[in-house]
Protein chains: 2
Amino acid sequence: MIQTASILEGNRLALARLLTQVENNSTEGRAALAELFPHTGKAHLIGVTGAPGTGKSSLVNQLALHYRKQDNKRVAIVAVDPSSPFTGGAVLGDRVRMRDLSGDAGVFIRSMATRGSLGGLAQTTAGMVQVFDAAGFDIVMIETVGAGQSEVDVARLAHTTLVVEAPGMGDDIQAIKAGILEIADILVINKADRPGIENTEKALRSMLELAHPTKHVFKHHGIYMNDAQGLKDNESDASFWIPPIQKTVSIDGQGIAELAEHIARHAERLRVSGCWASRERTRLGSEMEALLQEALMNQFREKISAQKYNRIMSQVFERSLSPWEAVKRLTENNNGRTK
Amino acid sequence: MIQTASILEGNRLALARLLTQVENNSTEGRAALAELFPHTGKAHLIGVTGAPGTGKSSLVNQLALHYRKQDNKRVAIVAVDPSSPFTGGAVLGDRVRMRDLSGDAGVFIRSMATRGSLGGLAQTTAGMVQVFDAAGFDIVMIETVGAGQSEVDVARLAHTTLVVEAPGMGDDIQAIKAGILEIADILVINKADRPGIENTEKALRSMLELAHPTKHVFKHHGIYMNDAQGLKDNESDASFWIPPIQKTVSIDGQGIAELAEHIARHAERLRVSGCWASRERTRLGSEMEALLQEALMNQFREKISAQKYNRIMSQVFERSLSPWEAVKRLTENNNGRTK
């Protein structure tokens with residue numbers, strides 16, 4: 001049995017064990033999550049996403065160090081790591097991280113490989129974040145790689161999302177097409193000491209300008225903020241948050257303090273405008289949806305006769321029945337076993 | 001009404017219209033898909049994936065040109081394009097493509113933005129591929145960006161998956177961590193005239209060597225192939241397909257003919273080994289699963305009383321009920337309205 005009390009008390013071993021249970025999606029883990037749930041909702045959840053090679057991990061490390069040294073905040077990192085099962089990428093990554101952060105009881109790092117289904121991934125990440133939140137970590141950083149939908153889904157778990165770019169990552173059009181800009185609350189150009197920084201910044205700025213007239217882009221985040229609440233951006237449109245661009249050099253810590261300020265300012269905005277609560281609702285709503293889908297599928301599997309299912313699937317494989325019609329037949333009257 | 005007959009006859013306008021219906025997931029589109037379904041299963045589906053900046057689009061163009069000129073095959077391209085709604089990336093991408101392929105009735109290109117849910121994306125792509133398949137295209141290329149789970153899901157639609165890398169895309173560890181290698185049937189190093197090509201190739205080769213002992217990596221594709229069927233790889237393990245590495249320079253067509261040969265050889269292997277059929281089954285199975293989930297969710301929504309749903313959701317938002325318990329309450333006895 002998992003002692004949720006010891007997690008609330010800050011027992012690291014119990015914490016590590018529960019995280020494993022959550023990753024394995026065990027019944028025990030779910031029960032513990034349910035017990036811990038009332039203790040969640042306090043942490044500031046920060047998503048950090050960007051293409052491979054942008055230096056996200058060192059950036060996250062530097063931010064963690066900053067929060068430890070400057071603010072004495074407890075920091076958890078969930079690194080969603082799409083390393084192949086055979087690369088050992090996660091292990092290596094952790095080892096690199098450990099150099100700076102090891103031995104600090106106020107920091108907890110957990111890597112997770114992106115195996116299994118997407119629903120599973122977003123759900124598992126959500127569970128881990130809840131554990132850290134309940135365990136009293138002030139900041140939970142969720143680090144994900146890439147520009148895919150899964151990363152977008154994971155990033156939606158966060159209150160504040162950082163999108164990390166770096167100079168020279170392919171041509172500009174391609175970088176812009178990567179399409180994660182629309183989820184960004186803050187844009188970070190890391191490795192800002194590298195050649196090509198001007199082009200990257202220029203490309204991002206023109207992106208932001210393009211984004212100006214299309215308010216709907218920001219709508220899914222629910223962040224419509226008011227000028228009266230103290231908009232300090234150079235950009236003049238006052239009705240919503242304009243993502244600031246922050247240059248950093250994560251290997252020597254340049255720009256990290258400024259980045260932390262942007263993050264704090266964003267959190268403040270969310271709180272003042274009431275968007276903090278609406279993001280929480282959206283987040284919980286998506287989590288519910290994923291769990292519901294799973295539960296409904298399980299119910300369906302229990303009810304349907306294997307014979308009927310296999311018969312229909314054979315027709316699909318023979319292409320005499322389309323998947324669409326097959327699903328119609330499988331789900332009509334699925335309340336009884338009579339058909 | 002969509003005339004499926006005219007699609008089978010090769011009417012491009014009807015085709016374009018149906019693709020739009022499929023993208024919008026309209027009832028009409030679904031009905032047409034069902035009608036066309038018996039005519040599918042003939043095309044060779046080729047997935048092409050890789051990080052932004054690797055030059056996937058020009059590679060796909062060159063392959064298409066090759067298939068047109070050398071083999072007189074009809075080629076369709078589905079470009080799953082994660083461009084932001086405001087970048088117009090898809091349009092620009094198409095315009096660049098059009099230069100080489102415009103005016104050729106044997107080519108059809110369709111871009112699709114990755115908006116909406118993942119299930120939706122994989123499902124829509126599957127639908128488009130089916131339309132092209134039924135319309136008699138010999139080759140359907142599915143081009144996706146990035147290393148996310150969504151791309152992996154989309155790539156699983158394909159019989160043969162190409163993973164495209166390019167020299168100098170961030171450091172090697174990061175490139176390896178990108179984790180799309182395990183879905184690759186063929187590895188392409190594009191922009192092979194660039195500096196750093198040796199490092200990229202070395203990194204990929206050692207990846208492949210690492211992958212050797214871990215057969216399970218290839219298992220999800222179901223490709224266990226036999227030496228007797230003519231393994232020509234330098235790698236000596238005969239029990240499965242070892243992804244070959246092909247260098248290309250897509251702007252001048254270098255390596256494209258060789259790449260097309262690898263692709264043909266892979267298709268031949270799939271056919272001889274019976275894996276073609278098993279991939280089809282896996283593919284149809286996933287499609288069914290996605291449709292089932294959607295149908296079950298719709299059924300649930302029709303049955304549940306809004307009052308009960310809202311009451312339970314409020315408890316979740318107040319954090320007095322965990323999402324897990326909430327789902328249990330929502331799904332127990334969801335067959336009747338009595339509770």
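The exercises below, each followed by a worked solution, treat a predicted model of chains A and B.

Residues are numbered from 1 along each chain as its sequence is written, while chains are lettered from A and ligands numbered from 1 in the order in which they are written. Because the model is predicted, local features need pLDDT of at least 70 and side-chain atom pairs count only at pLDDT 80 or more, whereas totals for chains, interfaces and linings use all residues.

**Exercise 1. Confidence in chain A**

Determine where in chain A confidence is lowest and where it is highest.

Solution. Begin with pLDDT, the predictor's confidence in each residue, from 0 to 100. Chain A averages 77, and 72% of its residues score at least 70. The lowest confidence in the chain falls in helix H10 (residues 216–219), with a mean of 35, and the highest in strand E7 (residues 245–247), at 95. Next, look at the stretches with a pLDDT below 50: residues 83–95 of chain A form one of them, with 30 contacts in the model beyond near neighbours in sequence, and residues 212–239 of chain A form another, with 33 such contacts. Contact here means that the C-beta atoms of two residues, placed from the backbone, lie within 7 Å. For the model as a whole, the scores are ipTM 0.72 and pTM 0.67.

**Exercise 2. The surroundings of A:Leu36**

Establish whether A:Leu36 is buried or exposed, and which residues it touches.

Solution. First place the residue: A:Leu36 is found in helix H3 (residues 27–36) of chain A, where helices (H or I, at least four residues) and strands (E, at least two) are DSSP runs, numbered from the N terminus. Then apply the burial rule, by which a residue is buried if 20 or more other C-beta atoms lie within 10 Å of its own, exposed if 12 or fewer, and partly exposed in between, with C-beta atoms placed from the backbone. A:Leu36 counts as buried because it has 21 C-beta neighbours inside 10 Å. Leaving aside residues up to four places away in sequence, A:Leu36 touches A:Thr4, A:Ile7, A:Gln130, A:Val131 and A:Ala134. Of these, A:Ala134 is 98 residues away along the chain, yet its C-alpha atom is separated from that of A:Leu36 by 6.1 Å.

**Exercise 3. A loop residue of chain B**

Find which residues B:Thr40 touches, and state its exposure class.

Solution. B:Thr40 sits in the loop between helix H3 (27–36) and strand E1 (44–50) of chain B. With 19 C-beta neighbours inside 10 Å, B:Thr40 counts as partly exposed. Apart from residues up to four places away in sequence, B:Thr40 touches A:Arg319, B:Gln130, B:Asp133 and B:Ala134. B:Phe132, 92 residues from B:Thr40 in sequence, is 8.5 Å from it in space, C-alpha to C-alpha.

**Exercise 4. A helix pair across the two chains**

Describe how helix H14 (residues 323–331) of chain A and helix H12 (residues 275–303) of chain B cross, and which residues make the contact.

Solution. Take the axes as lines fitted to C-alpha atoms, for helices over the stretch in contact, with angles running from 0 to 180 degrees between N-to-C directions. The axes of H14(A) and H12(B) come within 9 Å and cross at roughly 45°. H14(A) is therefore oblique to H12(B), since angles under 35 degrees count as roughly parallel, over 145 as roughly antiparallel, 65 to 115 as roughly perpendicular and the rest as oblique. From H14(A), the contact is made by A:Pro323, A:Trp324, A:Ala326, A:Val327, A:Leu330 and A:Thr331, and from H12(B) by B:Leu284, B:Glu287, B:Met288, B:Leu291, B:Leu292, B:Ala295, B:Leu296 and B:Gln299. These residues divide into eleven nonpolar, two polar and one charged, where Ala, Val, Leu, Ile, Met, Phe, Trp, Tyr, Cys and Pro count as nonpolar, Asp, Glu, Lys and Arg as charged, and the others, Gly among them, as polar.

**Exercise 5. A helix pair within chain B**

Work out how H4(B) and helix H11 (residues 256–273) of chain B are oriented to each other.

Solution. The axes of H4(B) and H11(B) come within 10 Å and cross at roughly 75°, and the two helices are therefore roughly perpendicular to each other. The contact joins B:Gln62, B:Leu63 and B:His66 of H4(B) with B:Ile256, B:Ala257, B:Leu259 and B:Ala260 of H11(B). By class, the contact has five nonpolar, two polar and no charged residues.
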